[in-house]
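Q: Before we begin, could you take me through how to read a sheet and a pair of packed helices?

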Amino acid sequence: MFSCSRNTHAIFYPLAAHRLFPPYKYKSSSFRFKHVKSSFSSYFSFYSSSHSRSSSSNPRMGSVGASGESLKYPLARRDESVVDDYHGVLISDPYRWLEDPDAQEVKEFVEKQVKLTDSVLQTCDTREKLRETITKLFDHPRFDAPFRRGDKYFYFHNTGLQAQKVLYVQDSLDGKAEVLLDPNGLSEDGTVSLNTCAVSEDAKYLAYGLSSSGSDWVTIKVMRVEDKRVETDTLSWVKFSGISWTHDSKGFFYCRYPAPKEDEKLDAGTETNSNLNQELYYHFLGTDQSQDILCWKDPDNPKHMFGADVTDDGKMEEVGRLLCCLDGKIVRVDEEDRVRWMDSKDGVFSPKISFFMWEASWGRVLTLDRLQKRGLSLFGKGNPFRMEGLFCGQEEEGGITMGPLCLFWVIWKARNTIAFEDGVLSIQKLKYVLLYISESCEEVNKVYHCDITSLPEGLEGFRERKDLLPFIKLIDNFDARYHAIANDDTLFTFMTNKDAPKYKLVQVDLKEPSIWNVVLEEAEKDVLESAYAVNGNQILVCYLSDVKYVLQIRDLKTGSLLHDLPIDIGSVFDISARRRDSTVFIGFTSFLTPGIIYHCNLEAGVPEMKIFREIVVPGFDRTEFCVDQVVASSLLVHYSPKSLTLWLEDRSWLLEQFIKLDELVVLSFRMNDLLGGVSGLCDLPPGDELVLLSLHMSSSWLLRYSCYCLRCLFNVFVPSKDGTKIPMFIVARKNIPMDGSHPCLLYGYGGFNISITPSFSVSRIVLSRHLGAVFCIANIRGGGEYGQEWHKSGSLAKKQNCFDDFISAAEYLVSAGYTQPRKLCIEGGSNGGLLVGACINQRPDLFGCALAHVGVMDMLRFHKFTIGHAWTSDYGCSEKEEEFHWLIKYSPLHNVRRPWEQSPDQPSQYPATMILTADHDDRVVPLHSLKLLATMQYILCTSVEKSPQTNPIIGRIECKAGHGAGRPTQKMIDEAADRYSFLAKMLEASWIE
């Protein structure tokens, strides 16, 4: 199945997985970890200048002394002899010994830090209330969008508090669902999770990858779908790999790394050595991994990574004509139901040949005698594959006439989708495997192709050979990203950012690889997030417009717009679609929408989005909350002492007059008229005007729902240090006073072209409801919210822009009256952990609390561990002199300073800080967090007599967990209760029933 999404997203929010992007994980038929690109709903919340607070009025942290007593930090050995010379600059690394996870001294350091953290958490009086409340709200059924293979449907479902979600299978959408694979039975503590999976095209086999303790290492197994029998196939040392079946269901492509040497330790997930020399293999079912075919490797480029996709060609090619047809339906021939060759003598085959077909509308296997009983006979003529002189005999007893051998040869040899229509036998050719090559996280890759049907003996012929597959180079340089959407024989449609930072669709014929034609031009403003071939010759495209999603159906050949699909303001987190199907499933979420699965029929004149499943959270009332979006140049709602701007469904509604405000043409309305008859929306101070910007109005931007609830959006610009306008979402209970009294949690990521969009979070809802917190997401540069240019403006030499943007967002929240420094907590994971670490170094006076998850903290050595070498595309590398000077300026580990010495006239300290990591995180290895933790405790606390640093600096170190993906439900709940009870205590937030 072809599809393309710009990024394989993860959910970057509380109670979800962090991601520091590995190189592309190409999507074939593999199970997709959803791209919550997120979602969003809104509300009214207003403020005036009289309520604003400035950061300068509270230079000292409000959480000073919040822990009630001074902490006794464990002393960690400093080895002052470890000094590195970076281009003539000497940099000491006294905690280098913390890089060895197996050293006894490191284990003792971790044990002492765990005890210290436990002692702090035991004083957090909201901890158990948070755990209980989050658990209660988390206990609701959750579903992913179903996907189809063969004649079956598959979907993932969690009943509520199951450790891992379960894979189900059903014969039809309204048929009885059966459990196919339940990872919860694979370990007592739920730490074995499903990392990836793929169902064969005939729905006969499931290949699935299991991960233990959250590690990126995967073991692939195979299950028969019919009887749920697990086969003996076991593939080890798989990492950063998809699974792509060939359509004969004989096997699949996957990627792996060389197995460790016998004398190396085998606790996969705790090692730190670099992941190098990935290789592409093809595995035949029923064989040992040692017999797998090595399809591609590149020892000259050990950092290269690979992905393979088997094409699903759209073109049906006539191969023969029949005297009858099988109701014009599509039939398939599966692995065991092929022609069985028997006793060939003198060019004549035995009459004992058995031949089976499965036909969709009849729903059972048909043998030749059954066909005869239906009055059907198979007798071909004019078949271009005729093999002269070879004909089938006749059944001695059944008297069934069998057609020429050539017909059976075509079916057996191709094992493709077969169509009988109007007496014509056609096959859908499934001939290409595409090889994608990447070297880093940069949005660039190479593309090679191999025609499997041109191999004289097929893939089987490579079992005894040492040759690699004969791939032909289509794109052989790293100047842009390409990913196939569809193909008709040699004509391919690709999604690419070649000369299009917001992406476009292009076509190329492999016969003329130098000629590329644009099918869908790059949009002027919106970012093309993904594209899926659907319903024959149509494409479903998904755009990101001001951090909100737009769905369209377009023509595959011309790119012309056919239909807009109505979708609320929020995030599309999953799309399940195939070119051969006329229906698609779309997963949607928002800040106040737990989840909706839409079912869309594209055969209708006007596609209709029908709700297939809706996720309901018992006890959650969306009308208690409201959502603001503080964003540049989009038309939602903007309120300031001068004006409020709002999207309306009817642009002519209540029009009074044109006025000019701050150089913008606006439409003016009276507040009482606007809100007349709409209850419970908001209260505005008397005399304030409501105005509607007249710029860029289009029907696709209008709200798709009524004004009966609090789902309205605010739109205020947050200028960064250099004047760039930064979008920000704000979620809170409605009608809060803008007096700076509220606890506030600000979340950010800002890297690797990842877009942070609205999504539902139980823990965030609990924070707002029971701690009175305001939750915010800043869409800072470095992400993908506005395309490649937005990303590049926050990477490499411009990485400081990310920190400036985040700090500006925090300053806005204070000046606008949402919070004040001592009430403001910042949070981020992975690259977002780096963001938090850098910001507390640069502006310790601005925050009262900091939560840094699994962050990249040692910017001089990150490239030396596991997959860190792939991140140099975003950060640079200290081995290059110019890039070293970028990194040393913001590296969290190397910029911890005593703020009371930096500004003696305005004494301050670091915010209360929790650094979170996990023992099996082999994405961002724990040494980053451990070294920063030891450094902060030493510089700020233990090395200073009567240190002014009274805010705690602690580390939460999870066992049997990794970077975030696959973490069991209970571990996620426990971590949320720990970090947010710490937040509550440090920000002096009281529990609200």
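Q: In which order do the strands of the open sheet stand, and what is the sense of their pairing?

A: In general, the strands of a sheet pair through backbone hydrogen bonds, in either a parallel or an antiparallel manner. In this predicted model, an open sheet of 4 strands follows the order S17-S27-S28-S29, and its pairing is antiparallel.

Q: Which strands stand at the edges?

A: The edges are formed by S17 (305–310) and S29 (472–475), each of which has a single partner strand, so one side of each is left without a neighbour in the sheet. Direction ignored, neighbouring strands of this sheet are turned by 25 degrees against each other on average.

Q: Over how many bridges do S17 and S27 pair?

A: S17 pairs with S27 (residues 432–438) over 6 bridges in the antiparallel sense, and Ala308 is found opposite Leu435 in S27.

Q: Turning to the helices, at what angle do H2 and H6 pack?

A: H2 (residues 127–138) packs against H6 (residues 762–771) at an angle of about 125 degrees, and their axes lie 10 Å apart. Because of that angle, H2 counts as oblique to H6, and the crossing of the two helices is right-handed.

Q: Which residues of H2 and H6 meet?

A: From H2, Leu130, Thr133, Ile134, Leu137 and Phe138 take part, and they meet Val762, Ser763, Ile765, Val766, Arg769, His770 and Leu771 in H6. By class, the residues of this contact between H2 and H6 comprise 8 nonpolar, 3 polar and 1 charged.

Note on methods:
Residues are numbered from 1 along each chain as its sequence is written. This is a predicted model: local features need pLDDT of at least 70, side-chain atom pairs count only at pLDDT 80 or more; totals for chains, interfaces and linings use all residues. Side-chain values use heavy atoms; hydrogens and water are left out. Axes are lines fitted to C-alpha atoms, for helices over the stretch in contact, and angles run from 0 to 180 degrees between N-to-C directions. Angles under 35 degrees count as roughly parallel, over 145 as roughly antiparallel, 65 to 115 as roughly perpendicular and the rest as oblique. A crossing is left-handed if the near helix is turned anticlockwise from the far one by less than a right angle, and right-handed if clockwise. Contact means heavy atoms within 4.5 Å. Ala, Val, Leu, Ile, Met, Phe, Trp, Tyr, Cys and Pro count as nonpolar, Asp, Glu, Lys and Arg as charged, and the others, Gly among them, as polar. Two strands pair if DSSP finds at least two bridges between them.
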